[in-house]
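Here are my notes on the model, set out as numbered points for you to check against the coordinates. They begin with one strand and work outward from there.

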Amino acid sequence: MNSNDLKGIAEGLIDEFNYAAKESIRLYEEGLKIQIKEDKSPVSNGDLRVNDLISKKISKLTPDIPIISEETVDLSKKNNSKIFWLIDPIDGTKEYIAGKDEYTLNAGLIINNLPAIGVIGVPKKNRIFYSFGKNNSFLIENNQIFKLDCKKKTPKGEIIALTNHTDPPKIILDKLKEFGVTSFRKLSSSYKYCLIATGEYDLYLDKVRAKEWDDAAGQAIAEAAGAIVTSLDGETFVYGKEDYKNPTILIRRSENLNA
């Protein structure tokens, strides 16, 4: 696929993400129906509705590319594809159920085991982020499109971070200190990638090993804006792993977080 192909696919998902975002809010307001999955995590009819909408649209846009979704994946089957979609219909289901505003809708296209397209909707923020390759990362907000470049928006002399913890473990506290972080807050959903792509935050650290569908869309958006995504040890990682588990995560707005 060339850049124009990727652009067409990414932009072709935007209207459906807008609709799915509205559906997630409508179903919440009507009262969610919640079940507990085998892994003891919750899933709602909102997750399933969004999954259905996004999956069907992707199937129309790219009928020959397999789709792997958190809500339908068969973990007993090995993924041998080099090109595939990863969908997390609602990342932050617990936050969604609780009525909070930082849950996200996610779809990422993997090509040759690396993120090539990312689309993330943040329904209660009225924001949609999308990307289709290097220097092609965008935010749609208030009917305007903004190109993202990770330019620092945090105060000069401050390094403001996101983590997956309100009370971080020592490994994370040590890393925060290493990067000179002056303050941090908890954010678990893929919205973290977007906020680093916009430059609203400088850094994200997490020792928890997330699943590939948690990271694919966000990594595509952040890297296309210029961010650096690695493990805590500075190693890059690829997609298409047998257990779908990514390593620990470190997202940096740039090499120099003060610039």
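1. In strand 14, I249 and I251 point one way while L250 and R252 point the other, and all are buried, burial meaning under 20% relative accessible area with a 1.4 Å probe and protein chains only. Strands here are DSSP runs of E of at least two residues, and helices are runs of H or I of at least four, both numbered from the N terminus. The model is a predicted one, in which local features need pLDDT of at least 70 and side-chain atom pairs count only at pLDDT 80 or more, whereas totals for chains, interfaces and linings use all residues. Residues are numbered from 1 along each chain as its sequence is written, and side-chain values use heavy atoms, with hydrogens and water left out.

2. Which strands pair with strand 14 in the antiparallel sense? Strand 12 does so over 4 bridges, and strand 13 does so over 3 bridges, two strands being taken as paired if DSSP finds at least two bridges between them. On the strand 12 side, L203 stands opposite R252 and L205 has L250 as its bridge partner. R252 is also the bridge partner of I228.

3. These strands belong to an open sheet of 5 strands with the order 11-10-12-14-13 and mixed pairing. Strand 11 (183–186) and strand 13 (228–230) are at its edges, and because each has a single partner strand, one side of each is left without a neighbour in the sheet. From one strand to the next the twist averages 15°, angles being taken from 0 to 180 degrees between N-to-C directions of lines fitted to C-alpha atoms, for helices over the stretch in contact.

4. At the other end of this order, strand 10 and strand 11 run parallel and are joined by 4 bridges, with I160 opposite S183. Strand 10 has I160 and L162 pointing one way and A161 and T163 the other way, and all are buried. Helix 5 (residues 170–178) lies across strand 10 (160–163), strand 11 and strand 12, and runs at about 160° to strand 12.

5. A further open sheet has 7 strands in the order 3-4-5-6-7-8-9, again with mixed pairing. Its edges are strand 3 (67–69) and strand 9 (144–147), and since each has a single partner strand, one side of each is left without a neighbour in the sheet. The twist averages 20° from one strand to the next. Strand 3 runs parallel to strand 4 (residues 83–91) and is joined to it by 3 bridges, with S69 opposite I87.

6. Which helices pack on this sheet? Helix 3 (residues 45–61) touches strand 3, strand 4 and strand 5 (104–111), where contact means heavy atoms within 4.5 Å, and its direction makes about 155° with that of strand 4. Helix 7 (residues 212–225) touches strand 3, strand 4, strand 5, strand 6 (114–122), strand 7 (127–131) and strand 8 (137–141), and its direction makes about 100° with that of strand 6.

7. Within strand 6 lies I120, which counts as buried because its relative accessibility is 0%. Leaving aside residues up to four places away in sequence, I120 touches residues that include F17, L105, I128, F129, A217 and I221.

8. The largest pocket has a volume of about 970 Å³. A pocket is found on a 1 Å grid over the protein atoms alone, as an open set of points where a 1.4 Å probe fits, with protein on both sides within 12 Å along at least five of seven lines, and its lining residues have an atom within 4 Å of a point; volume is the space filled by probe spheres set on the points, which are joined across faces, edges and corners. Of its 30 lining residues, K37, D39, S41, E70 and D214 are the closest to the centre. Strand 4, helix 4 (93–97), strand 12 (203–206) and helix 7 are the elements that give two or more residues to the lining.

9. The second largest pocket holds about 270 Å³ of space. It is lined by 14 residues, with N18, K22, N126, R127 and I128 nearest its centre. Helix 2 (14–30), strand 6, strand 7 and strand 8 each supply at least two lining residues, and helix 2 gives the most, with 4.

Methods
Buried < 20%, exposed > 50% of the residue type's maximum accessible area, 1.4 Å probe, protein only.
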